[in-house]
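This report walks through one protein model, from individual loop residues to the core and the ligand surroundings. It is meant to be read alongside the sequence and the coordinates.

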Amino acid sequence: MFRVQVDPARCENKRDCLEACPANVLEMARPQGVRNPLIQLKVRFHGGLVAVPVREADCVGCNKCMEACPKGAIKVTVLES
Ligand code: SF4
């Protein structure tokens with residue numbers, strides 16, 4: 001199992017990760033739980049959407065999303081079973 005984390009402060013709605021992911025884990029969506037007003041403003045500036053790992057359970061841990069992201073917004077880690 002893998003944890004896929006996207007930093008909403010870094011994601012700029014470029015969608016390279018969606019193209020790169022062989023398991024269709026990520027979708028663009030409105031970020032939840034962002035309280036920092038500067039990050040909210042940045043997200044709004046970039047269309048109000050960030051990458052969200054909606055199908056995290058399907059992740060195969062290939063790291064292609066991390067490598068594709070030009071902003072270094074994605075981190076994939078192995079979850080202990
Ligand atoms: S590590 Fe691979 S399978 Fe997992 S979200 Fe990233 S691109 Fe998709």
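## Exposure in the loops and beyond

Asparagine 13 is partly exposed, because 14 other C-beta atoms lie within 10 Å, a count that falls between the limit of 12 or fewer for an exposed residue and the 20 or more for a buried one. The structure discussed here is a predicted model, and in it asparagine 13 sits in the loop between S1 and helix H1, which covers residues 16-20. The backbone at asparagine 13 has a phi near 60°, a positive value in a residue other than glycine.

A second asparagine with a positive phi is asparagine 24, where the angle is about 55° although the residue is not a glycine. Asparagine 24 belongs to the loop between H1 and strand S2, the latter made of residues 26-29, and it counts as exposed because it has 10 other C-beta atoms within 10 Å.

How exposed or buried is asparagine 63? With 14 C-beta neighbours inside 10 Å, asparagine 63 is classed as partly exposed, and its place in the chain is the loop between S3 and H3. Asparagine 63 and alanine 20 are 43 residues apart along the chain, while their C-alpha atoms are separated by 9.3 Å.

## Helix H2

Helix H2 spans residues 37-45 and includes lysine 42, isoleucine 39 and phenylalanine 45. Lysine 42 counts as partly exposed because it has 17 C-beta neighbours inside 10 Å. Isoleucine 39 is likewise partly exposed, with 17 other C-beta atoms within 10 Å, whereas phenylalanine 45 counts as exposed, given its 10 C-beta neighbours inside 10 Å.

What does isoleucine 39 touch, once residues up to four places away in sequence are set aside? The partners are Pro8, Ala9 and Val34. Alanine 9 also appears in a distance for lysine 42, since the two residues are 33 positions apart in sequence and 7.4 Å apart in space, C-alpha to C-alpha. The table sets this pair beside others, together with the pair of asparagine 63 described above.

| Residue pair | Sequence separation | C-alpha to C-alpha distance |
|---|---|---|
| Lysine 42 and alanine 9 | 33 residues | 7.4 Å |
| Asparagine 63 and alanine 20 | 43 residues | 9.3 Å |
| Phenylalanine 45 and leucine 18 | 27 residues | 20 Å |
| Isoleucine 39 and valine 60 | 21 residues | 29 Å |

## The nonpolar core

The largest nonpolar core contains 15 residues, and those with the most contacts inside it are Val6, Cys17, Leu26, Ala51, Cys65 and Ile74. The elements that contribute two or more residues to this core are S1 and strand S3, the latter running over residues 50-53. For cysteine 17, leaving out residues up to four places away in sequence, the contacts are Leu26, Ala51, Cys65, Ala68, Cys69 and Ile74.

## Around the ligand

Which residues come nearest to the ligand, of the 16 around it? They are Cys21, Val25, Cys59, Cys62 and Cys65, and Cys65 is also listed among the residues with the most contacts inside the largest nonpolar core. By class, the shell around the ligand is made up of 13 nonpolar residues, two polar residues and one charged residue. Strand S1, residues 2-6, and helix H3, residues 64-68, each supply at least two residues of that shell.

## The fold as a whole

The secondary structure of the protein comes to three helices and four strands, and from the N terminus on these elements follow the order β-α-β-α-β-α-β. Along its principal axes, the C-alpha trace spans about 35 × 25 × 20 Å. The radius of gyration of the protein is 12 Å, which agrees with the value near 12 Å for a compact globule with 81 residues.

Of the 81 residues of the protein, 21% count as buried. Among the contacts in the protein with a separation of 6 or more, 75% are between residues 24 or more positions apart. Two of the contacts already described, those of cysteine 17 with Cys65 and with Ile74, can be located in the model as a starting point for inspection.

Note on methods:
Residues are numbered from 1 along each chain as its sequence is written. This is a predicted model: local features need pLDDT of at least 70, side-chain atom pairs count only at pLDDT 80 or more; totals for chains, interfaces and linings use all residues. A residue is near a molecule or strand if its C-beta atom, placed from the backbone, lies within 6 Å of it. Ala, Val, Leu, Ile, Met, Phe, Trp, Tyr, Cys and Pro count as nonpolar, Asp, Glu, Lys and Arg as charged, and the others, Gly among them, as polar. A nonpolar core is a set of buried Ala, Val, Leu, Ile, Met, Phe, Trp, Tyr and Cys residues joined through C-beta atoms within 7 Å. Two residues are in contact if their C-beta atoms, placed from the backbone, lie within 7 Å. The radius of gyration is taken over C-alpha atoms; the globule rule is 2.2 Å times the number of residues to the power 0.38.
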